Amino acid sequence: MRETSRPIRFLGIGLEFIVPIALLAAWALASSNSTSFYFPPLVDIFRAFGDTWLFERVGSDVVPSLARMFAGYAIAVVAAVVIGVALGLNKTLGRMADPVVQFLRAIPAPVLLPAGILLLGIGSEMKVALIAFVCVWPILLNTIDGVAGVDPALRETARSYGIPARDRLFRVVLPSASPQIFAGARISLSLAVIMMVVSEMIASSNGIGYFVLQSQRTYAITAMWSGIFLLAILGYVLNVLFLLVERRVLRWHRGARAGAG
């Protein structure tokens with residue numbers, strides 16, 4: 001079984017790189033003779049990418065964007081896990097909080113931009129707060145479901161053996177709920193990138209989103225496309241890094257599923 005699965009795994013990894021490269025090659029060939037101002041040749045976009053992002057604007061735009069994104073995302077993860085564990089363990093508290101959670105998560109985040117500017121100004125604090133607000137809900141809901149779905153027999157067994165509440169939480173509840181928590185965190189990571197860009201397009205003086213919008217406004221279309229490419233690359237790299245961390249942390253979970261199968 002291992003001998004047959006290894007070639008399949010290598011084939012999957014190969015296709016993961018070959019397909020994007022093939023699509024880019026097709027795009028480059030199709031656009032090589034383009035005279036459209038709005039859709040420049042891909043070669044020109046890559047040239048602008050190298051001139052702009054390697055490494056001219058890394059310190060002025062990329063670093064501030066990533067700093068705000070990671071700050072908001074970290075706040076969301078910590079707040080969502082802490083609140084989600086409390087609501088998941090206490091069913092009464094969970095029912096009381098559910099209408100508030102459903103009400104708040106239904107608010108479109110871009111609508112809060114004007115209120116955020118009024119309350120927090122146009123600095124990084126506003127952007128971090130909005131990123132955290134958007135990212136908190138998938139993690140919170142998954143944490144509540146994951147904690148509430150822990151096998152009651154497992155909890156009672158741990159309690160009957162006199163295991164302290166702290167150890168029950170960190171050795172029973174959180175490990176059992178961690179697959180769902182990571183699923184919510186992965187969704188929130190993509191939302192963090194989206195909200196980072198949206199928040200930087202309004203009342204900002206730096207950041208990748210600001211650069212893309214300003215390039216469009218000044219008709220620097222090739223530079224605009226280079227910024228879009230950068231965002232796509234960042235999203236892909238962040239997702240790969242997240243999967244590597246998830247794979248390492250949840251290695252026991254995959255082993256348990258394989259054993260059960």
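Student: What pattern does the protein chain follow, read along the sequence?
Tutor: This is a predicted model. Along the sequence, the protein chain reads α-α-α-α-α-α-α-α-α-α-α.

Student: And how many helices and strands does the secondary structure come to?
Tutor: There are 11 helices and zero strands.

Student: What box do the C-alpha atoms fill?
Tutor: Roughly 75 × 60 × 30 Å, taken along the principal axes.

Student: How much of the chain counts as buried?
Tutor: Of its 261 residues, 34% do. The accessible surface of the chain is about 15,600 Å², and carbon and sulfur atoms account for 69% of that surface.

Student: What share of the contacts join residues at least 24 apart?
Tutor: 75%, taken among contacts between residues at least 6 apart in sequence.

Student: Let's look at a helix pair. How do H3 and H8 pack?
Tutor: H3 covers residues 58–89 and H8 covers residues 165–200. Their axes are 8 Å apart, at an angle of about 145°. The crossing of H3 past H8 is right-handed.

Student: Which residues make the contact?
Tutor: From H3, they include Leu66, Met69, Tyr73, Val81 and Val85. From H8, they include Leu169, Val173, Ile181, Ala192, Val193 and Met196.

Student: How do the residues of that contact divide into nonpolar, polar and charged?
Tutor: The contact of H3 with H8 has 15 nonpolar residues, two polar and three charged. Arg68 of H3 is part of the contact, as are Arg186 and Glu200 of H8.

Student: Back to Met69. Is that residue buried or exposed?
Tutor: Met69, which sits in helix H3, has a relative accessible area of 1%. The cut-off for buried is under 20%, so Met69 counts as buried.

Student: What is Met69 in contact with, leaving aside neighbours within four places in sequence?
Tutor: Ile131, Ala192, Val193, Met196 and Leu238. Of these, Ala192, Val193 and Met196 are also listed for H8 in its contact with H3.

Student: And where is Lys127 relative to Met69?
Tutor: Lys127 is 58 residues from Met69 along the chain, and their C-alpha atoms are separated by 8.2 Å.

Student: Change of topic: H7. What caps its N-terminal end?
Tutor: Asp151 does, just ahead of H7, which runs over residues 152–160. A side-chain oxygen of Asp151 lies 3.1 Å from the backbone nitrogen of Ala153.

Student: Which residue with a positive phi follows H7?
Tutor: Gly162, with phi near 75°.

Technical notes
Residues are numbered from 1 along each chain as its sequence is written. This is a predicted model: local features need pLDDT of at least 70, side-chain atom pairs count only at pLDDT 80 or more; totals for chains, interfaces and linings use all residues. Side-chain values use heavy atoms; hydrogens and water are left out. A polar contact is a pair of N or O atoms within 3.5 Å; within protein, one must be able to donate a hydrogen and the other to accept it, and residues adjacent in sequence count only if both atoms are side-chain atoms. Helices (H or I, at least four residues) and strands (E, at least two) are DSSP runs, numbered from the N terminus. Axes are lines fitted to C-alpha atoms, for helices over the stretch in contact, and angles run from 0 to 180 degrees between N-to-C directions. A crossing is left-handed if the near helix is turned anticlockwise from the far one by less than a right angle, and right-handed if clockwise. Contact means heavy atoms within 4.5 Å. Ala, Val, Leu, Ile, Met, Phe, Trp, Tyr, Cys and Pro count as nonpolar, Asp, Glu, Lys and Arg as charged, and the others, Gly among them, as polar. Buried means under 20% relative accessible area, exposed over 50%, partly exposed in between (1.4 Å probe, protein chains only). Accessible areas come from the Shrake-Rupley method with a 1.4 Å probe; for residues, only the protein chains shown count as cover.
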